[in-house]
Amino acid sequence: VYIIYDKMTMEELVLAYQSADVFALPTHGEGWGRPIMEAMAAGLPVITTYWSGQTEYIRPEYALLINVTSLETAYKNEYWYIGGREYQHLHKWAKVDINQLKDHLKWCVLNRDKLPEIGQKAKLAMFNYFTREDVARQVNRRLNEIRRNIS
């Protein structure tokens, strides 16, 4: 297990993905979860929280999902929060099921032979459903729905 804290160049990032067996990000919340999507596109199985932005593209067929045990206020009196103090209490973070994370990691160690197949499914999902054109269509469709609802 490696935990990377330092900023990486693109070349270092690619090498990190290529050298990994699995990508784990038990996140409290993501706007989209780009590192998760990058890892999947690189052919890695991912272990991540089923919460927030990544629920738009992760599926149990090609990801090991961590349940949310509860939600907590994301910003508790942080001075740097700029979203408007009156709405601060509405922003929630997920508390992840740590035992499930441990179980998924253990499963990966015991089932290393199954990881490439899961990673390949993840990669295919990214390349089949999340091309620039596909995402543009999805965004356009959603914007049109919103436009109809406010008109």
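In this predicted model, Gln100 is buried, its relative accessible area being 18%, which places the residue under the 20% limit for burial. Gln100 belongs to helix α3, which spans residues 98-110. Leaving aside residues up to four places away in sequence, the contacts of Gln100 are with Leu65, Ile66 and Asn67. Although Gln100 and Ile66 are 34 residues apart along the chain, their C-alpha atoms are separated by 6.1 Å.

Two of these contact residues, Leu65 and Ile66, also appear in the description of strand β3, which comprises residues 63-66 and is covered on both faces. Ala63 and Leu65 are buried on one side, and Leu64 and Ile66 are buried on the other. In a regular strand, side chains alternate between the two faces of the sheet. Strand β3 pairs with strand β2, formed by residues 46-49, in the parallel sense, and the pairing involves 4 bridges. Within this arrangement, Thr49 has Ile66 of β3 as its bridge partner. Ile66 is thus described by its burial in β3, by its bridge to Thr49 and by its contact with Gln100 of the helix.

A further feature concerns the surface. Val135, Val139, Leu143, Ile146 and Ile150 make up a nonpolar surface patch of about 430 Å². One of these residues, Val135, is located in helix α5, which covers residues 132-150. Val135 has a relative accessible area of 33% and is therefore classed as partly exposed, a value over the 30% required of patch residues. Gln100, by contrast, is buried.

Technical notes
Residues are numbered from 1 along each chain as its sequence is written. This is a predicted model: local features need pLDDT of at least 70, side-chain atom pairs count only at pLDDT 80 or more; totals for chains, interfaces and linings use all residues. Side-chain values use heavy atoms; hydrogens and water are left out. Buried means under 20% relative accessible area, exposed over 50%, partly exposed in between (1.4 Å probe, protein chains only). Helices (H or I, at least four residues) and strands (E, at least two) are DSSP runs, numbered from the N terminus. Two strands pair if DSSP finds at least two bridges between them. Patches are made of residues with over 30% relative accessible area and no salt bridge: like charges are joined within 9 Å, nonpolar side chains (Val, Leu, Ile, Met, Phe, Trp, Tyr) within 5 Å. Accessible areas come from the Shrake-Rupley method with a 1.4 Å probe; for residues, only the protein chains shown count as cover. A salt bridge is a side-chain nitrogen of Lys or Arg within 4 Å of a carboxyl oxygen of Asp or Glu. Contact means heavy atoms within 4.5 Å.
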